[in-house]
Amino acid sequence: SAYNPARHFVATANNNILPPGYAHALSYSWASPTRIGRIVEMLTTGQKFDVDDFARMQQDTISLPAREFLSILKQWQPAADSEAANVRSAMLAWDCNVSMESKPALIYEAWIDQIHVALLPKGIASTWLDPYVLLRELKASPERNSLLQQTLERTLTEIGKRLGPDQNEWKWGNLHKAYFRHPLGVADWELPAHSRPGDDYTVNATGGRNFAQTHGASYREILDLSDWDRSVMTNVPGESGDPGDPHYGDLIDGWANGQYHPMPFSRKAVEAAAEMRLML
């Protein structure tokens with residue numbers, strides 16, 4: 001028990017794990033604390049967790065930076081009955097879940113992108129700026145209100161260009177997709193693009209340039225130490241790299257929608273689930 005952490009869990013999300021004053025250099029580059037903050041929030045509810053709970057946590061897309069952004073919007077009072085006022089009201093009613101079906105999530109993501117462009121000097125790679133730093137700069141800006149107005153107008157114009165005038169189509173998943181282009185450029189070996197939830201700063205990290213998902217977890221597992229055969233996994237696009245194999249792309253839908261499948265561990269369970277053997 002002396003080795004068990006006092007808070008009863010160990011968690012990391014590529015964040016800075018070094019205690020203050022640690023004497024050894026491990027790295028000088030760490031991920032934003034947004035994801036570890038949300039993980040700790042989920043783990044400290046006082047409840048007991050099962051495999052399904054951890055699946056939900058791995059797929060979580062609640063954005064802590066979005067919460068911070070909404071706190072800034074609360075201080076903004078655009079003209080009554082204006083388009084900006086209507087957007088602000090819809091944003092303040094949002095639960096900060098960056099889900100595929102969410103219009104406020106779409107507006108948030110495109111708006112933050114425009115705020116990056118407005119606040120940073122030209123030539124700086126805006127996607128590298130930690131969202132908390134960006135929001136701190138926005139909050140402190142003497143031009144904050146006019147900046148919000150201008151960037152919102154650009155945001156709505158940009159979304160309209162990308163998704164069209166029908167706002168029923170204004171959903172985050174219609175802009176944010178993962179693409180499965182084969183590295184050899186063979187069209188027949190490509191797989192369909194899939195809408196994705198989340199962003200670079202949610203626990204389910206799905207970041208990338210130009211609103212596409214270009215990085216994040218392709219494989220996840222949850223191991224049940226009380227019964228290894230109850231472990232589960234998710235992977236993409238399939239278990240086979242052969243484009244002619246039925247298992248070349250059959251895991252995409254489950255992966256894209258946060259679904260898991262059994263991961264048998266014992267020899268008996270593995271042999272019971274085996275579909276074929278490959279002898280090399």
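Guide: Angles between helix axes under 35 degrees count as roughly parallel, over 145 as roughly antiparallel, 65 to 115 as roughly perpendicular, and the rest as oblique. Please keep in mind, as we use this, that we are looking at a predicted model.

Visitor: At what angle do the axes of helix 5 and helix 7 cross?

Guide: The axes of helix 5, residues 103–119, and helix 7, residues 144–163, come within 8 Å and cross at roughly 125°. Helix 5 and helix 7 are therefore oblique to each other, and helix 5 passes helix 7 in a right-handed crossing.

Visitor: Which residues make the contact?

Guide: On the side of helix 5, the contact includes Leu106, Ile107, Ala110 and Trp111, while helix 7 contributes residues including Leu147, Leu148, Thr151 and Leu152. Divided by character, the residues of this contact of helix 5 with helix 7 are 12 nonpolar, 3 polar and 2 charged.

Visitor: How should I read burial along a helix, and which residues of helix 4 are buried?

Guide: An α-helix has 3.6 residues a turn, so residues three or four places apart point the same way. In helix 4, residues 83–92, the buried residues are Ala84, Ala85, Val87, Arg88 and Met91. Seen down the axis of helix 4, these buried residues fall within an arc of 160°, so they line one face of the helix. Glu83 and Asn86, on the other side of helix 4, are exposed.

Visitor: What do the buried residues of helix 4 pack against?

Guide: They pack against helix 3, helix 5 and helix 7, which brings in both partners of the crossing between helix 5 and helix 7.

Visitor: How many residues of helix 1 are buried?

Guide: Of the 10 residues of helix 1, residues 34–43, 7 are buried, so this helix is largely enclosed by the rest of the structure. Among the buried residues are Thr34, Ile36, Ile39 and Leu43, and what covers the buried residues of helix 1 includes helix 2 (51–58), helix 3 (64–73) and helix 6 (131–140).

Visitor: Does Arg35 count as buried or exposed, and where does it lie?

Guide: Arg35 lies in helix 1, and the cut-off matters here, because buried means under 20% relative accessible area. At 18% relative accessibility, Arg35 counts as buried.

Visitor: Which residues does Arg35 touch?

Guide: Leaving out residues up to four places away in sequence, Arg35 touches Ala13, Asn14, Asp200, Tyr201, Thr202, Val203 and Ala205. As for distance, Arg35 and Ser63 are 28 residues apart in sequence and 8.3 Å apart in space, taken from C-alpha to C-alpha.

How values were computed. Residues are numbered from 1 along each chain as its sequence is written. This is a predicted model: local features need pLDDT of at least 70, side-chain atom pairs count only at pLDDT 80 or more; totals for chains, interfaces and linings use all residues. Side-chain values use heavy atoms; hydrogens and water are left out. Buried means under 20% relative accessible area, exposed over 50%, partly exposed in between (1.4 Å probe, protein chains only). Helices (H or I, at least four residues) and strands (E, at least two) are DSSP runs, numbered from the N terminus. Contact means heavy atoms within 4.5 Å. Axes are lines fitted to C-alpha atoms, for helices over the stretch in contact, and angles run from 0 to 180 degrees between N-to-C directions. A crossing is left-handed if the near helix is turned anticlockwise from the far one by less than a right angle, and right-handed if clockwise. Ala, Val, Leu, Ile, Met, Phe, Trp, Tyr, Cys and Pro count as nonpolar, Asp, Glu, Lys and Arg as charged, and the others, Gly among them, as polar. The arc is that of the directions from the helix axis to the C-beta atoms.
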